[in-house]
Each structure stands twice: as structure tokens, then as C-alpha cells.
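Look at the structure below and follow how its strands are put together. After the strands, the text turns to a single residue in a helix.

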Amino acid sequence: MEHSGEEPFAVAHTERRIALKDAIALARRSVSGITELKIDAVSHCERKENGMWNVVIDVLESHARLGDNDLLAAFEVHIDECGEVLYCSRTHRYHREDRSV
């Protein structure tokens, strides 16, 4: 078998697109890296036509004193097709019981 001189991992890495579960894991790590708040949920995950991922992670900013109306924040994370995080930002805050979000 002839050796091309290229590393097999490097070739595989450039041709492989990351899967849904990997995009979610990367987004969770990114949000955890910029805030110590508890992750509440993954509310959105979508692969765009260009191969990039758009993931929205909800974190618990403040427990409600009474009832279940916690204050949450949504972080949007953009990940390229190779798994590099390109964008991470808190996009909005809302109360858990707010149905308009």
C-alpha cells in the first residue's frame, strides 16, 4: 500500500461534517465557558444550507421566589461545519411562564 504522506486524520477531518449531537455538545461547552449559570435546555438546533449549525441554549438566570416563573436567558451559538464556534451571544431574557417567546 502506497503512503501519500498526508495524515489520515487531517483528510478525514476536512471531509467530515459534525453531527447534531456534536453541535449541541459544542454549544453547551461554549455557553458554559462564558457563564457559570445552569443550562436549562436546548431550545433550538438547526443545520443551515451552508453546513453551519445554529443552536440556542437556555440557561437559568434567576429562580422565581414564588411559583415557577424563573428568569431564563437564551444564548445563540453558531458553529461551522468543522466544529469551530464562530459566534456565541445572549440574545434575550424571558420568564419561564411567558408563552410569547
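In this predicted model, strand β3 (residues 71-79) and strand β4 (residues 85-95) run antiparallel and are joined by 9 bridges. Two positions show how the strands line up. Leu71 has His95 in β4 as its bridge partner, and Phe75 stands opposite Arg90 in β4. The two strands form a hairpin, with 5 residues between β3 and β4. Gly83 lies in the turn and has a positive phi of about 100 degrees.

This hairpin belongs to an open sheet of 4 strands, with antiparallel pairing and the order β1-β2-β3-β4. Which strands stand at the edges? They are β1 (38-47) and β4, and each has a single partner strand, so one side of each is left without a neighbour in the sheet. From one strand to the next, the twist averages 20 degrees. Strands of a sheet pair through backbone hydrogen bonds, which may be parallel or antiparallel in arrangement. In a regular strand, side chains alternate between the two faces of the sheet.

Now turn to the helix. Helix α2 covers residues 20-34 and includes Ala27. Is Ala27 buried or exposed? Its relative accessibility is 0%, and a residue counts as buried under 20%, so Ala27 is buried. Leaving aside neighbours within four places in sequence, Ala27 is in contact with Val55, Ile57, Val77 and Ile79. Ile57 is 30 residues from Ala27 along the chain, and the C-alpha atoms of these two residues are separated by 7.3 Å.

Notes:
Residues numbered from 1 in each chain as written. Predicted model: local features only at pLDDT ≥ 70, side-chain atom pairs only at ≥ 80, totals over all residues. Heavy atoms only, no water. Pairing = 2+ DSSP bridges. Axes fitted to C-alpha atoms, helices over the stretch in contact; angles between N-to-C directions. Buried < 20%, exposed > 50% of the residue type's maximum accessible area, 1.4 Å probe, protein only. Contact = heavy atoms within 4.5 Å.
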